[in-house]
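Please walk through this model with me, one site at a time. Have the sequence and the coordinates open as you read.

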Amino acid sequence: MKEVIEYIEQNAERYLEELNEFLKIPSVSTDPECKKDMTEAAEFVAGQLHTAGMEKVEIFPTEGHPIVFGERTARPDNPTVLVYGHYDVQPVDPIELWESGPFEPTVRQGELYARGAADDKGQVFIHFKSAEAFVNTGGQIPVNIKYLIEGEEEIGSPNLDPFIEENQKLLEADVAMVSDTAMFARGVPSICYALRGLIYFQVDLEGASTDLHSGSFGGAVVNPAFELARILAQMKDEAGRITIPHFYDPVRDLSDRERQEFARLPFDEATYMKDIGIREFSGEEGYSPLERFWTRPTFEVNGITSGFSGEGAKTVLPARAMAKVSMRLVPDQDPDQIADLFEDHVRRLAPSSVNLEITRMHGGKPWIASLEHPALIATARAIKKGFGKEPVFQREGGSIPVVATFAELMKIPSVLMGIGLPDENAHAPNEKLNLDNFHGGIRSSAYFLDELSRSGL
Ligand code: BES
Ligand code: MN
Ligand code: MN
């Protein structure tokens with residue numbers, strides 16, 4: 001391992017330069033104008049996998065953006081790891097709030113700023129570079145390694161599950177390694193063992209066939225903006241509980257072991273509130289903030305539009321109102337089942353005077369892992385060596401849909417070794433990756449490959 005770690009140190013500068021090339025590609029999966037950039041990013045990943053010594057590298061086209069696969073399976077007696085990550089990034093708006101261009105990677109005070117620096121280009125990149133270090137120091141990678149890198153995570157991975165289903169043999173592995181989450185805090189490396197799921201809807205209400213004068217028509221003609229607000233307001237009760245019947249039936253309680261782990265985490269409520277500019281925490285009564293973020297489901301309004309919102313006043317009765325709403329789900333809530341419950345509930349609440357349309361958008365299943373799995377223990381050892389600190393175990397409120405697919409379809413555990421930070425500005429202006437974490441991440445990835453080979457898996 002000594003040589004491998006030395007190689008990583010000696011090549012740190014070049015590694016960063018190559019990551020910068022990756023970050024310069026504006027691979028925004030939701031933007032049709034970026035189609036060419038998506039291909040370029042996929043090809044960049046393929047090039048990295050070649051450099052990392054993969055015997056087989058292939059770019060699979062899909063109906064959307066390509067999936068990149070690579071493998072080096074020269075060790076028939078050792079375990080196989082499947083590294084997952086995504087090369088697509090979120091849109092950059094509002095662009096005027098970026099201090100340097102989102103696709104012009106810039107280092108300031110030990111942080112690398114660019115769209116995708118943390119989510120997920122910078123994170124997936126650490127696993128290219130650890131493999132390269134083994135191969136270029138004349139050794140072998142201690143385990144068999146496969147890569148599955150997609151370009152549609154940020155739009156709900158619509159083509160990934162079908163790809164996995166069709167290529168189960170190709171993807172066969174003992175464990176998945178995913179770096180696409182954040183550490184608990186600066187200097188507190190973490191292993192994430194649970195993710196929330198997601199369902200997302202657009203709700204459209206229509207009243208009259210056109211906007212109307214609110215004086216002439218108001219009073220006996222339905223106001224869709226008001227009715228929409230009324231429906232949304234009824235989705236939670238005074239105690240912050242979601243009112244959809246049977247919504248909580250499948251929700252798992254926190255285990256004692258988890259409660260103990262949570263209590264060990266250095267979470268300072270006052271600092272946290274100050275950092276994000278809130279006066280107090282809100283949400284479901286009877287649960288701590290961490291429990292609410294990680295272990296409880298949510299109902300969120302992502303956006304509402306209706307009627308007049310320009311300057312001044314306009315007396316109008318809007319014809320239409322629209323809301324985008326989503327729910328984060330926790331084990332063992334099933335997205336399809338909860339989506340049905342939600343639709344039924346909204347249909348019951350909507351007055352017969354409006355035309356109601358509910359459109360289901362993307363989503364993903366929640367996931368939770370066993371804390372006892374040998375791959376998790378191997379990762380904890382690797383992090384201890386790579387970062388010089390024992391990791392904490394934490395859950396995340398966000399979603400990575402494929403992780404549930406790995407568990408349910410491929411029957412393999414996933415290890416989430418995130419090297420981001422809570423203030424990384426993912427999906428926001430000035431996204432950044434801490435360079436110490438980048439280097440620590442590459443070392444940890446290398447140690448992980450070594451530890452996994454001796455994990456007894
Ligand atoms: N890397 C994130 C997932 C994540 C978010 C992990 C927050 C830890 C904390 C991922 O790229 C993402 O943004 N996921 C989406 C999923 C959706 C598009 C299906 C999310 O959570 O909103
Ligand atoms: Mn991500
Ligand atoms: Mn994301």
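M417 sits in the loop between β18 and β19, where strands (E, at least two residues) and helices (H or I, at least four) are DSSP runs numbered from the N terminus. With a relative accessible area of 1%, M417 is buried; buried means under 20%, exposed over 50%, and partly exposed in between, with a 1.4 Å probe and protein chains only. The C-alpha atoms of M417 and T181 are separated by 7.2 Å, although these residues are 236 apart along the chain.

A word on the ground rules. This is a predicted model, in which local features need pLDDT of at least 70 and side-chain atom pairs count only at pLDDT 80 or more, while totals for chains, interfaces and linings use all residues. Residues are numbered from 1 along each chain as its sequence is written, chains are lettered from A and ligands numbered from 1 in the order in which they are written, and side-chain values use heavy atoms, with hydrogens and water left out.

Now to the metal. Which residues coordinate the manganese ion (ligand 3)? They are D119 (OD), E154 (OE, listed twice) and H427 (NE2), at 2.1 to 2.5 Å. Donors here are N, O and S atoms within 2.8 Å of the metal (3.2 Å for Na, K and Ca), and water is not among the atoms, so sites may look incomplete. The six donor atoms of ligand 3 make angles of 55 to 157 degrees, and the site is irregular. For six donors, octahedral would require opposite donors over 155 degrees apart and all others between 65 and 115.

D119 also coordinates the manganese ion (ligand 2), which is 3.6 Å from ligand 3. Distant parts of the chain are linked here: D119 is in the loop between β5 (111–113) and α4 (121–136), and H427, 308 residues away, is in the loop between β18 (414–416) and β19 (432–434). D119 counts as buried because its relative accessibility is 11%, whereas H427, at 44%, is partly exposed.

H427 leads on to ligand 1, since H427 is among the nearest of its 15 surrounding residues, together with E153, D180, R328 and S399; a residue is near if one of its heavy atoms lies within 4 Å. Oxygen atoms of ligand 1 have polar contacts (N or O pairs within 3.5 Å) with the side chains of R328 at 2.9 Å, E154 at 3.1 Å and H86 at 3.3 Å. Taken alone, ligand 1 exposes 510 Å², and the protein buries 84% of that.

Conventions: Tetrahedral: all angles 85-135°; square planar, octahedral: opposite > 155°, others 65-115°. Polar contact = N/O pair within 3.5 Å; in protein donor to acceptor, adjacent residues only side chain to side chain. Areas by Shrake-Rupley, 256 points an atom, 1.4 Å probe, with all protein chains shown as cover.
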